[in-house]
Every structure is written in structure tokens, then in C-alpha cells.
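Please load the model in your viewer and have the selection tool ready, since each stop on this tour begins with something to pick out.

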Amino acid sequence: MRLPLLLALTLTATACTWVHMAPGASAVRVASTAPTGCEKRGEVEVSVKHSIAFIDRNPLRVRDELETLARNEAPGLGADTVHPLAEPVRGSQRFAAWRCGN
């Protein structure tokens, strides 16, 4: 009885988004490559849970949450644009932060 309930809760939790946009982060743009004519403000590494109870989460949701976390960090660096430096690995990803004046 407990195993089916645990499995149902785990599968439901894998669909949830735990990362929410911080104030000011909605104005931060996510670029696919390094922008031109911008000032580099630094780099951030962000991470989220990529699996729960040995069940992998949806990779698109993980990627979306990583982008949201990077956008959340950007205003603290004075940046308005971020771009990924590499693909996500086990729920972690590095981003470069840029000030483009958009």
C-alpha cells in the first residue's frame, strides 16, 4: 500500500516547478550564444535536483529551472543577459552574465 502511494507522490513531484522568478529577473534575456557589444559581468553556476528517489526529472523542466535561477542571479551582477556556457550536467549548469543595456 505504501509503495504505490510513494511512487505516485514521487511522480507528481517530478512534474512540479520549485524555482520561481525573482523580482527583476523577468527583464533578463537568455541568449543562445555570447552577445556582441556587451560587457561581461561574470559567471554563475546554478543547480537543481535532476532526479528524485532515483527517478530522473523531465530534462526540459530542469533546463527551464536552471535558466530561471541564472536569470535570478543576473541583476545582482548588474547583468541583463545570460547565456549558457555548457549543457546541463546532473542538474548543474554554468552561465555567463552580460550587461547589454537592452
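Start with the interior of this predicted model by selecting Val48, Leu66, Ala70, Ala74, Val82 and Phe95, which touch the most other members of the largest nonpolar core, a set of 13 residues. Next, colour strand E2 (39-47), helix H2 (59-73) and strand E6 (92-99), because each of these elements supplies at least two residues of this core. Among the contributors, H2 provides the largest share, namely 3 residues. As background for this stop, nonpolar side chains in soluble globular proteins tend to be buried together.

Keep the core displayed and centre the view on Ala70, one of the residues just selected. Which residues is Ala70 in contact with, once its neighbours within four places in sequence are left aside? The contacts to look for are Val44, Val46, Val82 and Phe95, and of these, Val82 and Phe95 are also in the group that touches the most other core members.

Now move to the loops and select Ala53, which sits between strand E3 (51-52) and strand E4 (55-56). The backbone deserves a check here, as phi of Ala53 is near 50°, a positive value in a residue other than glycine. Is Ala53 buried or exposed? With a relative accessible area of 51%, Ala53 counts as exposed, because the cut-off for that class is over 50%.

For the last stop, select Arg90 in the loop between strand E5 (81-84) and E6. Phi of Arg90 is likewise positive, near 50°, in a residue that is not glycine, and Arg90 is exposed, with a relative accessible area of 67%.

Methods
Residues are numbered from 1 along each chain as its sequence is written. This is a predicted model: local features need pLDDT of at least 70, side-chain atom pairs count only at pLDDT 80 or more; totals for chains, interfaces and linings use all residues. Side-chain values use heavy atoms; hydrogens and water are left out. A nonpolar core is a set of buried Ala, Val, Leu, Ile, Met, Phe, Trp, Tyr and Cys residues joined through side-chain atoms within 4.5 Å. Buried means under 20% relative accessible area, exposed over 50%, partly exposed in between (1.4 Å probe, protein chains only). Helices (H or I, at least four residues) and strands (E, at least two) are DSSP runs, numbered from the N terminus. Contact means heavy atoms within 4.5 Å.
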